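Work through these exercises with the structure in view. Try each task before reading its solution.

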Amino acid sequence: MGRAEEYLNQIPMWTRKKNSLEDVRSVLNAMGAPDRDIPAIHVAGTNGKGSVCAFLTSMLREAGYRTGTFISPHLVEVRERFLINGAMVGEQDFEEAFETVLRVSQRMVETGKCHPTFFEFLFYMAMELFKKQEVDVMVLETGMGGRLDTTNVLEHPCACVITSISLDHTKYLGDTLQKIAAEKAGIIKSSVPLIFDDNQPQVSTILEGCAFRRGAARYPVGREDYRVEGVGEDGLTVSARMKDDKRLKIQIPFEAFYQAENAMLAVRTLDVLRHTGMRCRKHSRVLGHKPEGAAGAITWNITDEQIVRGIKKTMWPGRMEQAAPGVYLDGAHNPGGIGAFIQTAREIAKRLGKHPYLLFAAVSDKDYGEMVSQLSKGIAWETIGVVHMNSDRGLSSEALAREFEKDTDCPVLSFEDTGTAVRRMREISGEGVLFCAGSLYLIGEIKAALERLKQKGA
């Protein structure tokens with residue numbers, strides 16, 4: 001473990017004092033305001049944010065853009081949160097960005113400012129990395145919420161995207177979909193196009209109203225905008241409706257039906273940008289861009305073919321990922337995500353003609369009771385395994401087992417560590433299919449456990 005990761009791990013994940021956006025801006029200004037030099041696509045929502053960022057990154061790369069992508073959380077290594085052209089940033093660049101942010105943070109603390117939270121520190125590092133790497137465009141995922149999220153220090157992104165919204169982080173964001181939607185809507189900026197999931201009327205009303213008041217063009221994405229025409233081990237074949245109403249056939253390399261919605265949000269975003277002459281970075285190295293309007297403004301030169309190739313090449317671990325033969329990993333961690341997970345798990349098990357098994361974990365501050373109820377009623381599992389994650393927030397396996405035993409008649413097995421859970425559940429599932437869900441942190445632990453088993457030849 002390097003100096004950077006060791007230091008970062010000592011910063012509390014949830015601090016008593018979160019810095020205001022004004023404080024965040026003052027730190028960025030002390031760093032030379034790197035965020036102001038690079039155009040950004042800002043993505044918020046409850047479920048699907050990371051997938052939308054992955055689709056956007058892949059399509060932009062295919063179009064010749066050098067991309068910087070900031071996501072959370074990471075699965076195994078913290079460096080996974082910083083992607084340059086879709087690849088995890090190198091160790092040396094990571095350490096150098098850390099040292100730069102540390103020096104600035106220490107100076108700010110000396111002036112009476114609070115030390116950055118874990119997420120704030122990472123965001124500053126991302127801005128430093130993307131500036132040093134001279135990326136053409138940033139794709140930024142919010143941490144939690146939107147209005148008060150650290151990433152909302154962005155002053156004029158090129159586009160704002162809001163994915164599906166469900167009840168999550170209710171302690172911080174509100175206990176209704178409308179309240180949570182209002183917090184997510186906080187990223188909407190004046191004159192910046194908004195692309196959003198239009199499948200929940202009560203949410204769409206909030207987003208539409210906020211965008212209207214801020215003079216932002218609205219581009220809703222609903223079920224009528226895409227049609228799933230096929231599904232198999234290679235993923236989904238989808239017919240996507242473009243802005244000009246023509247249909248574009250895209251191949252999504254994931255089996256989960258919810259990825260059709262996420263891909264469509266990403267496609268619509270770039271379709272909007274390429275037709276509006278939105279400004280991109282001055283002196284961009286991307287060939288074929290022409291000045292238009294104000295000095296230094298250039299158009300987004302993205303073709304249908306690049307969109308199709310970009311979607312097909314998208315890689316995004318931990319989202320209904322087949323990590324090993326007969327083992328699927330999905331980071332569903334709230335009721336909305338679990339609902340989508342169940343739909344896809346049913347389809348996969350049916351298509352393969354195999355019995356489904358489940359390995360699940362949850363954090364104590366989530367609505368685990370509702371998720372357990374959904375999982376118990378949604379699929380006839382052969383066996384359910386529950387495990388305590390290596391996290392202070394992880395719910396005990398005994399508590400989870402008791403919840404499942406209330407709602408299901410199948411065997412429920414309790415494990416205290418992920419390595420043992422993975423090994424035993426793979427043995428038990430045999431020729432069946434093992435689905436793992438409940439937290440992206442759990443998925444990270446499972447991927448590490450699978451790698452250890454692979455090295456041992458198990």
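**Exercise 1. Find what share of the chain is buried, and judge its overall form.**

Solution. The model is predicted.
- Step 1: take the burial cut-off, under 20% relative accessible area.
- Step 2: apply it to the 458 residues of the chain; 57% count as buried.
- Step 3: turn to the radius of gyration. A compact globule with 458 residues would have a value near 23 Å, and the chain has 22 Å, so the two agree.
- Step 4: look at the box. Along the principal axes, the C-alpha atoms fill roughly 65 × 55 × 45 Å.
- Step 5: add the surface. About 19,100 Å² is exposed, with carbon and sulfur atoms supplying 48% of it.

**Exercise 2. Count the helices and strands, then check how far contacts reach along the sequence.**

Solution.
- Step 1: the chain holds 15 helices and 17 strands.
- Step 2: take contacts between residues at least 6 apart in sequence. Of these, 72% join residues at least 24 apart.

**Exercise 3. Describe helix α9 and its place in the largest nonpolar core.**

Solution.
- Step 1: α9 covers residues 258-274, 17 in number. From first C-alpha to last it reaches 25 Å, close to the 24 Å expected.
- Step 2: 16 of the 17 residues of α9 are buried, so the rest of the structure largely encloses the helix.
- Step 3: the largest nonpolar core has 44 residues. I41, L56, L60 and I252 have the most contacts inside this core.
- Step 4: α9 gives the most to this core, nine residues.
- Step 5: zoom in on L60. Beyond four places in sequence, L60 touches I41, Y65, T67, V137, V139, L270, W300 and I302.
- Step 6: another core lies apart from this one. That core has 37 residues, among them A40, F82, F130 and M138.

A general tendency fits here: in soluble globular proteins, nonpolar side chains tend to be buried together.

**Exercise 4. Work out which elements the buried residues of α4 pack against.**

Solution.
- Step 1: α4 spans residues 91-110 and has 20 residues. Its end-to-end C-alpha reach is 29 Å, close to the expected 28 Å.
- Step 2: list the buried residues of α4: F94, A97, F98, T100, V101, L102, V104, S105 and M108.
- Step 3: these pack against α1 (3-8), α2 (21-30), β3 (82-84) and α5 (118-132).
- Step 4: see what comes after. G112 follows α4, with a positive phi near 105 degrees.

**Exercise 5. Is T142 buried or exposed, and what does it contact?**

Solution.
- Step 1: locate T142 in the loop between β5 (137-141) and β6 (159-162).
- Step 2: its relative accessibility is 0%, so T142 counts as buried.
- Step 3: leave aside neighbours within four places in sequence. T142 then contacts H42, V43, A44, G45, K49, S72, F119, D149, T151 and I187.

**Exercise 6. Classify the ring pair W381 and F435.**

Solution.
- Step 1: rings pair if their centres lie within 6.5 Å. The count is 14 aromatic pairs.
- Step 2: the rings of W381 and F435 have centres 6.2 Å apart and planes at 65 degrees, so the pair is edge-to-face.
- Step 3: place the partners. W381 sits in the loop between α12 (368-378) and β15 (384-387), while F435 is in strand β17 (residues 433-437). They are 54 residues apart, so the pair links distant parts of the chain.
- Step 4: both W381 and F435 are buried.
- Step 5: elsewhere, ring pairs link F70, F82, F94, F119, F123 and Y124 into a cluster.

Conventions: Residues numbered from 1 in each chain as written. Predicted model: local features only at pLDDT ≥ 70, side-chain atom pairs only at ≥ 80, totals over all residues. Heavy atoms only, no water. Helix = DSSP H or I, 4+ residues; strand = E, 2+ residues; numbered from the N terminus. Expected span 1.5 Å × (residues − 1). Buried < 20%, exposed > 50% of the residue type's maximum accessible area, 1.4 Å probe, protein only. Core = buried A, V, L, I, M, F, W, Y, C linked by side-chain atoms within 4.5 Å. Contact = heavy atoms within 4.5 Å. Rg over C-alpha atoms; globule rule 2.2 N^0.38 Å. Areas by Shrake-Rupley, 256 points an atom, 1.4 Å probe, with all protein chains shown as cover. Phe/Tyr/Trp six-rings, centres within 6.5 Å; stacked < 30°, edge-to-face > 60°.
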